[in-house]
Amino acid sequence: MSGNEDIAKAWAFHDATKYSVREEAEGPAFAMGTPPELENAIWEEDRSLEPYPYKIYSSLAPIPLPREFPRSDVPALDALARVGTETQADPGQPDLATLARIALFSCGGLDRRTTLRGGRIIDYRAAGGTGARYHLEAYFVCGDLPDLPAGLYHYAAHDHSLRRLRSGDFRGVLVDATGGEPALASAPVVLALTSTFWRNAWRYKARAYRHAYWDAGTTLSHVRGLAASCGLPATLVLGYVDREVNDLLGVDGVREATVALCAIGRDGRRRHAGHPEMPPLDLPTRAISGREVEFPLIPRTHAASCLDSAAEVERWRTAALRRTPAEPRGRLVPLEPLPPGQLAGAPVEDVIARRRSTRHFDVEAELPFVAFSTLLDRSTRGIAADCLAPGAPALHDCYLIVHGVEGLAPGVYVHHPGRGDHGAGAVELLRQGDFRQEARRLAVGQWYTADAHVNAYYLTDLHDVLGAYGNRGYRLSQLESALHAGIVHLGTHALGALEHGGEVVRLGAVGSTSCDDDVVEFFSPHAAGKSYMFVTVFGRRRPSRR
């Protein structure tokens, strides 16, 4: 049995990092169930060790990137809904501006900051991150582009520039490491995302390992939409020999590790193995903290989900799960989304620029049913990925607590993509009633979950997923659900100027968290045996009060 097949490791991590309710004098609070013998359970945030949120190569000169780009003519909703295999007849070759656009609007900063009590300043990024603990880094591996020589480049978010770490075409390393994954073998550019776990674990301890894939999924929802707006295919690649990819990037795989690859573009030529000499990288970087506290569950779980050879990667990739969702038993309500192309909205980069986390919802107004329908429809068209069967159902089910949707009875629902009229999807009523306080209880008192018009919970049958993919299926489950939720979040802003009933409806969303077992119990018996992955809430924003 390979290490990846010993799925007891994934279950141990999942059970150890569940949130539950702890009653305290000031009210309920989250508690994490990590056994002390497995975790540094006594850790409390030490402000003197708060990590610096950027990786900076101190000895490398920056390659400046543009910040202004031609506007895309693809509406954001259409770009976000694309699977990732679509392409224009002649999409052209990605260039430096393409990389700059993708980097800026996925991992870059957008000149927004907040000063918190105590003087801490948060510089917000284009894609949301758990607790604004930004821990992801972006690297580009490319061949010769029209205005950028082949090489390995790190994207420096602090000054929106590239640093060249290696000169030459190293895509062959990735071809080898992925067992010849076709989308990657023909891609002119490959994006690699890594996580520096301590930057998130400083606040969230071992649960930061979940967040690595939540935040990667959120970021990749941006990347995919941006690639689609440029007419470029984009395929998520999660099957690779971890050691080989980490060696290429010059990261140790323990403190900082690769969490996802994304093949961008297609040049029609299949890349074969072979690459220049690849000596170890020994480039100085700015220290992010005076010292780092280790949370052993993170490296232990990550190591247990690593793939060790190209042959193992090929076997893993061909184990794609095609699950059969449960047949509806309750009343189905067909969705009525906007037809494709009807909303001539802003391009995705404009939508990203105005994206916010919305916590103030208008409880006195309903969310239009067409907006509710469109968000569910556009976020479930599918994802091009090396490990997902084309056209197969998602690995998760989306359960909904509906508080205030036009024409829809308040209650508990489950979404059925592909059902309803013309395959536009439908929602099945599981039980009717006002569940605002239950939504707040599941989120341990986070008030905005009771005000939001919809709470969307992503639940996965981990027994099936781990059975098919091994421990690495845990990475996939977390990332896939967060990616779908990221499309919903961006979609609310893409619909933010929707005219309905003679008024402009402005929408918003925010990711949240919940107590794992309480969520499953709440949606049972339908959700019995499943595991909580992610939650996002959305609805009509409350009008600003001046």
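These notebook entries record what I looked up on one helix, its partner helix and the nonpolar cores.

**Entry 1: the model.** I noted at the outset that this is a predicted model.

**Entry 2: helix α7.** I began with α7, which has 22 residues. From its first C-alpha to its last, α7 reaches 31 Å, close to the 32 Å expected at 1.5 Å a residue. I then looked up its burial and found α7 mostly covered, with 22 of its 22 residues buried. Past the helix I found Gly231, whose phi is positive, near 75°.

**Entry 3: α7 against α9.** I recalled that two packed helices are described by the angle between their axes and the distance between the axes. For α7 (residues 208–229) and α9 (residues 297–304), I recorded axes that come within 9 Å and cross at roughly 55°. The two helices are therefore oblique to each other. I next asked which residues of α7 meet α9. They are Ala208, Tyr209 and Tyr213, and on the α9 side I listed Ile298, Thr301 and His302. By class, I entered four nonpolar, two polar and no charged residues for this contact.

**Entry 4: the nonpolar cores.** I looked up the largest nonpolar core, which has 146 residues. Tyr155, Phe372 and Leu400 have the most contacts inside it. I followed Leu400 further, leaving aside its neighbours within four places in sequence. Its contacts include Phe372, Leu376, Val412, Tyr413, Val427, Val454 and Phe523. Gly411, His415, Asn455 and Ala456 are also in contact with Leu400. Apart from the largest core I found another, of 16 residues, with Ala439, Leu442, Phe522 and Ala527 among them.

Note on methods:
Residues are numbered from 1 along each chain as its sequence is written. This is a predicted model: local features need pLDDT of at least 70, side-chain atom pairs count only at pLDDT 80 or more; totals for chains, interfaces and linings use all residues. Side-chain values use heavy atoms; hydrogens and water are left out. Axes are lines fitted to C-alpha atoms, for helices over the stretch in contact, and angles run from 0 to 180 degrees between N-to-C directions. Helices (H or I, at least four residues) and strands (E, at least two) are DSSP runs, numbered from the N terminus. Angles under 35 degrees count as roughly parallel, over 145 as roughly antiparallel, 65 to 115 as roughly perpendicular and the rest as oblique. Contact means heavy atoms within 4.5 Å. Ala, Val, Leu, Ile, Met, Phe, Trp, Tyr, Cys and Pro count as nonpolar, Asp, Glu, Lys and Arg as charged, and the others, Gly among them, as polar. A nonpolar core is a set of buried Ala, Val, Leu, Ile, Met, Phe, Trp, Tyr and Cys residues joined through side-chain atoms within 4.5 Å. Buried means under 20% relative accessible area, exposed over 50%, partly exposed in between (1.4 Å probe, protein chains only). The expected span of a helix is 1.5 Å times one less than its number of residues.
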